[in-house]
Amino acid sequence: MLIRKVPVFVPASPWGLRLPQKFLFLLFLSGLVTLCFGALFLLPNSSRLKRLFLAPRTQQPGPEVVAEVAGHPLAREQESPPNPAPAVPAPGEDDASSQASTRRRKVWLRRTQPTGTREMATAARSSGSTALRPQEGAIPFSFDFNAFRSRLRHPVLGTRADESKEPQSLVRAQREKIKEMMQFAWHSYKLYAMGKNELRPLTKDGYEGNMFGGLSGATIIDSLDTLYLMELQEEFQEAKAWVEENFHLNVSGEASLFEVNIRYIGGLLSAFYLTGEEVFRVKAIKLGEKLLPAFNTPTGIPKGVVNFKSGSNRSWGWAMAGSSSILAEFGSLHLEFLHLTELSGNQVFAEKVRNIRKVLRKINKPFGLYPNFLSPVSGNWMQHHVSVGGLGDSFYEYLIKSWLMSAKTDVEAKDMYYEALEAIETYLLNVSPGGLTYIAEWRGGILDHKMGHLACFSGGMIALGAEDAKEEKRAHYRELAAQITKTCHESYARSDTKLGPEAFWFNSGREAVATQLSESYYLLRPEVVESYMYLWRQTHDPIYRAWGWEVVTALEKYCRTDAGFSGIQDVYSSVPNHDNKQQTFFLAETLKYLYLLFSEDDMLSLEDWVFNTEAHPLPVNHSDSSSGAGGRL
Ligand code: DMJ
């Protein structure tokens, strides 16, 4: 037997090799491994293998990762973007070009320092933390921040005429109170939930939710511009530092295209336009790229959910059994996506939303109305439910704001807005027996005589749009805006807490009240104070500040807890039952609109800014002959 031939001092290997043979074999094997590893460096940078083995583990998603998502098989169904953004060099990939880009970045940072003496930009500058970390890369496109700022008609934070006139005025004290509420909301979040998406004030912990695909810090990003506006400098620096150090985009969950767009992209864009800090621009653009796979559908109408890992997309299960995209969702991308193109030079973002506009322009509208459900596959309406509240709301808002943001050059958006408003007036608008004007919901010709809290933004929208309507309609729209806002105020005034319910009805003698407990909750929503703010700016009728102050008082009484603000489950009960959630939009919108209501009109002047649907200010595209930069939005 073979075993007997093996000398006792040379143990047999399992493969029957002698020691010298084994040594030679191992030598050969290690040579092979070294060779293979070395060969990885010769592969092109785009190679998956190279990324897999050589990418540093802590690296944030660079352009390669984004490209992988965008290059998912579904993406290839789409034509390639007409003017794709130039590739961003991977960190350390090309020394010469990365040195050049560092130089460019330094020059850019010098050029883009915000102007103005009274603004928090001073603090941002002195913090010395504007530089991007190497792994964040840069977007090789320079945006002339100084030129942009010089085109604004007003200082960003206004001139504060009221302060110089009446330093101790009531309005100043009211504004300070709202600032204190913001500080309290922020500090509570920071204490118990820093980095999580939302604060749960009763359990004193954080909550991630399932809308953001694994992204964190929604409250931080939604708060940046409010902190800036209120000159909460220390808190703004805390928020910015978190974005720089901890806001990672290499996440792999399923995200709502709409929510990520309005909260994260909107928040980052505003933070950039207010401060000129490069980190906000870069992260907005990179996150925008991660959303692009949502548009890979036969019509280019995006689906509601995008998978950050696989790059697949799907519609919400509840949207006509997963067959439909939602009007308010795919119709509320226009403002942010045009700014992504403006700041990146990448036309793909603008192309996506222009295509949505094209589809909506062409499609037949029943009675001129826009139903809420559309198939992204066939491009047909899937159900004739029309609403200016949930599912429809911000689509209408983005039409009039696209017109305003384009410095009144996007005539198509303007026409679509006024045509839609006419149809809404004709088929949905009603006056109750008690004289309250409201916008009902339409189901294939049958009306639900109810208004959602969400629909209460429409008072502000109609006021905002009144000035550009045909001459003979202007006064009418101003009055309509005032009447709708009054109705929404009634929904607050008729509750025990003086906060409004989620939905209220006009039926059987009961007006502007919820009819069941399941519609009686208040989530810290902003829409009613949003309308007060626009109506105040339009009319300066003191009633709007009085109504705004009623909300402040009620929030303090019923929603303030030991550890932040919370929604309540029943506005008709004066013993509050808290829902344990401090919504991100409370800091982004409710407190911001309240603060603006008690500020001068030139703080974030409506001549210079439009607010996205999460109240993040985006600049109007003022172009002038000297800049040559305008006209793209
Ligand atoms: C916000 O996230 C936005 O205003 C959105 O358009 C609708 N709902 C919430 C606030 O209620």
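A residue counts as partly exposed when its relative accessible area lies between the buried range, under 20%, and the exposed range, over 50%. Keep that in mind, since Met320 will need it shortly. What we have on the screen is a predicted model, so please hear every value today as computed from that model.

First, the chain as a whole. It has 633 residues, and 57% of them are buried. The secondary structure comes to 23 helices and 20 strands. If we take the contacts with a separation of 6 or more, 70% of them are between residues 24 or more positions apart. The chain exposes about 25900 Å², and 56% of that comes from carbon and sulfur atoms.

Now to Met320. Is Met320 buried, partly exposed or exposed? Its relative accessibility is 28%, and because that falls between the two cut-offs, Met320 counts as partly exposed. Met320 sits in the loop between S5 and strand S6, where S6 covers 325-326. Setting aside neighbours within four places in sequence, Met320 is in contact with Phe373, Met382 and Gln383. Take Phe373: it is 53 residues away from Met320 along the chain, yet their C-alpha atoms are separated by 7.6 Å.

Strand S5, just mentioned, belongs to an open sheet of three strands, in the order S3-S4-S5, with antiparallel pairing. Its edge strands are S3, at 254-256, and S5, at 313-314, and each of these pairs on one side only. S3 and strand S4, residues 305-307, run antiparallel and are joined by three bridges. One of the pairs to look for is Ala255, whose bridge partner in S4 is Val306.

There is another open sheet, further along the chain. Three strands form it in the order S14-S15-S16, and here too the pairing is antiparallel. Strand S14 (450-452) and strand S16 (510-513) are the edges, each pairing on one side only. From one strand to the next, the twist averages 15 degrees. What packs on this sheet? Helix H20, residues 471-493, does, and it touches S14, S15 and S16. The direction of H20 makes about 105 degrees with that of S15.

Let us stay with S15 and S16. S15 covers residues 503-507, and three bridges join it to S16, the two running antiparallel. Phe506 has Glu511 as its bridge partner in S16, and Asn507 stands opposite Arg510. The two strands form a hairpin with two residues between them. In that turn, Ser508 has a positive phi of about 40 degrees.

Two leucines also have a positive phi. Leu391 has a phi of about 80 degrees, although it is not a glycine. It is found in the loop between strand S9 (385-386) and helix H17 (393-405). Leu524, not a glycine either, has a positive phi of about 75 degrees. Leu524 lies in the loop between S16 and helix H21, which covers 527-539. Which of the cover classes does each one fall into? Leu391 has a relative accessible area of 26%, so it is partly exposed. Leu524 is at 0% relative accessibility, and therefore counts as buried.

Last, the helices. Helix H9 runs over residues 170-193, which is 24 residues. How far apart should its ends be? At 1.5 Å a residue, H9 should span 34 Å, and its end C-alpha atoms are 34 Å apart, so the expected and the modelled span agree. After H9 comes Gly195, with a positive phi near 95 degrees.

H9 also packs against another helix. Two packed helices are described by the angle between their axes and the distance between the axes. For H9 and helix H22, residues 543-559, the axes come within 12 Å and cross at roughly 35 degrees. The crossing is left-handed. On the H9 side, the contact is made by Val171, Gln174, Lys177, Ile178 and Met181. On the H22 side, it is made by Arg545, Trp549, Val552, Leu555 and Glu556. Look at the numbering in those two lists. An α-helix has 3.6 residues a turn, so residues three or four places apart point the same way.

That is the tour. Questions can wait until the picture is back on the screen.

How values were computed: Residues numbered from 1 in each chain as written. Predicted model: local features only at pLDDT ≥ 70, side-chain atom pairs only at ≥ 80, totals over all residues. Heavy atoms only, no water. Pairing = 2+ DSSP bridges. Helix = DSSP H or I, 4+ residues; strand = E, 2+ residues; numbered from the N terminus. Axes fitted to C-alpha atoms, helices over the stretch in contact; angles between N-to-C directions. Contact = heavy atoms within 4.5 Å. Expected span 1.5 Å × (residues − 1). Buried < 20%, exposed > 50% of the residue type's maximum accessible area, 1.4 Å probe, protein only. Areas by Shrake-Rupley, 256 points an atom, 1.4 Å probe, with all protein chains shown as cover. Left-handed = near helix turned anticlockwise from the far one by under 90°.
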